[in-house]
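This report describes selected local features of one protein model. Please keep the sequence and the coordinates at hand while reading.

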Amino acid sequence: MNIPNILTLARIAFIPLLVVLFYLPFSWSMPLAAGLFGLASITDWLDGYLARRWNQSTPFGAFLDPVADKLMVVVALALLIERYDTLVLTLPALVIIGREIVISALREWMAEMGKRGMVAVSWVGKLKTTLQMVSLLILLALPPTHEFALLGVVVLYTAAILTLWSMIQYLKAAWPHLSRSM
């Protein structure tokens with residue numbers, strides 16, 4: 001167990017706390033839930049940085065880091081789908097969740113073939129993740145009626161478009177291996 005892995009485990013431990021804060025009936029609960037999500041987002045970057053910097057990458061961390069990231073994002077999106085209760089937010093949220101499932105399965109399949117590097121994270125994926133985190137931070141912090149909540153929705157749509165673009169890039173890179181089995 002090392003500090004990067006502890007940060008990853010902390011991100012998973014934040015999930016139930018995020019849900020509880022989200023549902024508390026106090027005016028401060030939404031900004032606090034957003035702050036916790038922001039802290040989790042920072043640990044997502046920090047654990048990878050520290051693992052590389054201190055040469056503490058482990059198979060456990062390599063497995064758990066993307067799982068923790070996806071769990072936090074999916075839970076936040078699910079909470080927001082309920083809060084907004086509208087197609088306007090549900091559509092990009094489901095696009096993002098669906099893409100994560102497809103790419104996770106693709107990476108697992110490519111790893112079994114020894115071709116994991118073919119579906120490595122690209123700059124589009126990193127930009128998508130950044131925009132996704134920013135949008136979720138805004139949307140968690142503000143009620144749907146707040147004037148700046150629209151900014152969060154617009155950024156979420158931008159992240160969803162990049163999500164589709166990066167998924168297409170990954171599928172194109174993997175297609176020669178996928179189509180061989182047809």
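The text below covers helices, annotated spans, aromatic contacts, backbone angles and a few single residues. The model is a predicted one.

**Helices H2 and H4**

Helix H2 comprises residues 29-53, 25 residues in total. At 1.5 Å a residue H2 should span 36 Å, and its end C-alpha atoms lie 35 Å apart, so the expected and computed values agree. Helix H4 covers residues 87-112 and has 26 residues. From its first C-alpha to its last H4 reaches 37 Å, which is close to the 38 Å expected at 1.5 Å a residue.

Which residues of H4 are buried? They are Leu-89, Thr-90, Pro-92, Ala-93, Ile-96, Ile-97, Arg-99, Glu-100, Ile-103, Leu-106, Arg-107 and Met-110. Charged residue names appear in this list, including Arg-99, Glu-100 and Arg-107. An α-helix has 3.6 residues a turn, so residues three or four places apart point the same way. The buried residues of H4 pack against helix H3 (59-84), H5 and H6.

One of these buried residues, Arg-107, also takes part in a contact with an aromatic ring. The charged end of Arg-107 sits over the ring of Tyr-170, at 5.2 Å from the ring centre.

**Annotated spans**

UniProt, in an unreviewed entry, lists residues 7-26, 118-142 and 148-171 under "transmembrane region". In the model, residues 7-26 are 85% helix and 0% strand, with end C-alpha atoms 28 Å apart. For residues 148-171 the figures are 96% helix and 0% strand, and the end C-alpha atoms lie 35 Å apart.

**Aromatic pairs**

A pair of aromatic rings is described by the distance of the centres and the angle of the planes. How many aromatic pairs does a search of the whole structure find? The search finds four, and two of them are described here. Phe-26 and Trp-28 form a stacked pair, with 5.0 Å centre to centre and 5 degrees between the planes. This pair counts as stacked because its planes are under 30 degrees apart. Phe-26 is partly exposed at a relative accessible area of 42%, and Trp-28 is partly exposed at 44%.

Trp-123 and Trp-165 form an edge-to-face pair, 5.8 Å centre to centre with 90 degrees between the planes. The pair links distant parts of the chain, with Trp-123 in helix H5 (residues 123-141) and Trp-165 in helix H6, 42 residues apart. Trp-123 counts as exposed at 57% relative accessibility, because this value is over the 50% cut-off. Trp-165 is partly exposed, with a relative accessible area of 39%.

**Positive phi angles**

Most residues other than glycine have a negative phi, and most peptide bonds are trans. The table gives residues with a positive phi.

| Residue | Location | Phi |
|---|---|---|
| Asn-55 | follows H2 | near 55 degrees |
| Asp-85 | loop between H3 and H4 | about 50 degrees |
| Gly-114 | just after H4 | about 75 degrees |

Asn-55 has its positive phi although it is not a glycine, and it lies in the loop between H2 and H3. Asp-85 likewise has a positive phi without being a glycine. Are these two residues buried or exposed? Asn-55 is exposed, with a relative accessible area of 71%, and Asp-85 counts as exposed at 68%.

**Asn-2 and Leu-150**

Asn-2 is found in the segment before helix H1 (3-23). Why does Asn-2 count as buried? Its relative accessibility is 12%, and Asn-2 is buried because that value is under 20%. The side chain of Asn-2 reaches the backbone nitrogen of Asn-5 at 2.9 Å. A polar atom of the Asn-2 side chain also lies 3.0 Å from the backbone oxygen of Gln-56. With neighbours within four places in sequence left aside, Asn-2 is in contact with Gln-56 and Thr-58.

Leu-150 is found in helix H6, residues 149-179. Leu-150 is exposed, with a relative accessible area of 56%. Leu-150 and Arg-53 are 97 residues apart along the chain, and their C-alpha atoms are separated by 38 Å.

Note on methods:
Residues are numbered from 1 along each chain as its sequence is written. This is a predicted model: local features need pLDDT of at least 70, side-chain atom pairs count only at pLDDT 80 or more; totals for chains, interfaces and linings use all residues. Side-chain values use heavy atoms; hydrogens and water are left out. Helices (H or I, at least four residues) and strands (E, at least two) are DSSP runs, numbered from the N terminus. Buried means under 20% relative accessible area, exposed over 50%, partly exposed in between (1.4 Å probe, protein chains only). A polar contact is a pair of N or O atoms within 3.5 Å; within protein, one must be able to donate a hydrogen and the other to accept it, and residues adjacent in sequence count only if both atoms are side-chain atoms. Contact means heavy atoms within 4.5 Å. Rings of Phe, Tyr and Trp (its six-membered ring) pair if their centres lie within 6.5 Å; planes under 30 degrees apart count as stacked, over 60 as edge-to-face and the rest as tilted. A charge sits over a ring if NZ of Lys or CZ of Arg is within 6 Å of the ring centre and within 35 degrees of the ring normal. UniProt positions are given in the numbering used here, feature names are shortened, and annotations may be inferred rather than shown by experiment. The expected span of a helix is 1.5 Å times one less than its number of residues.
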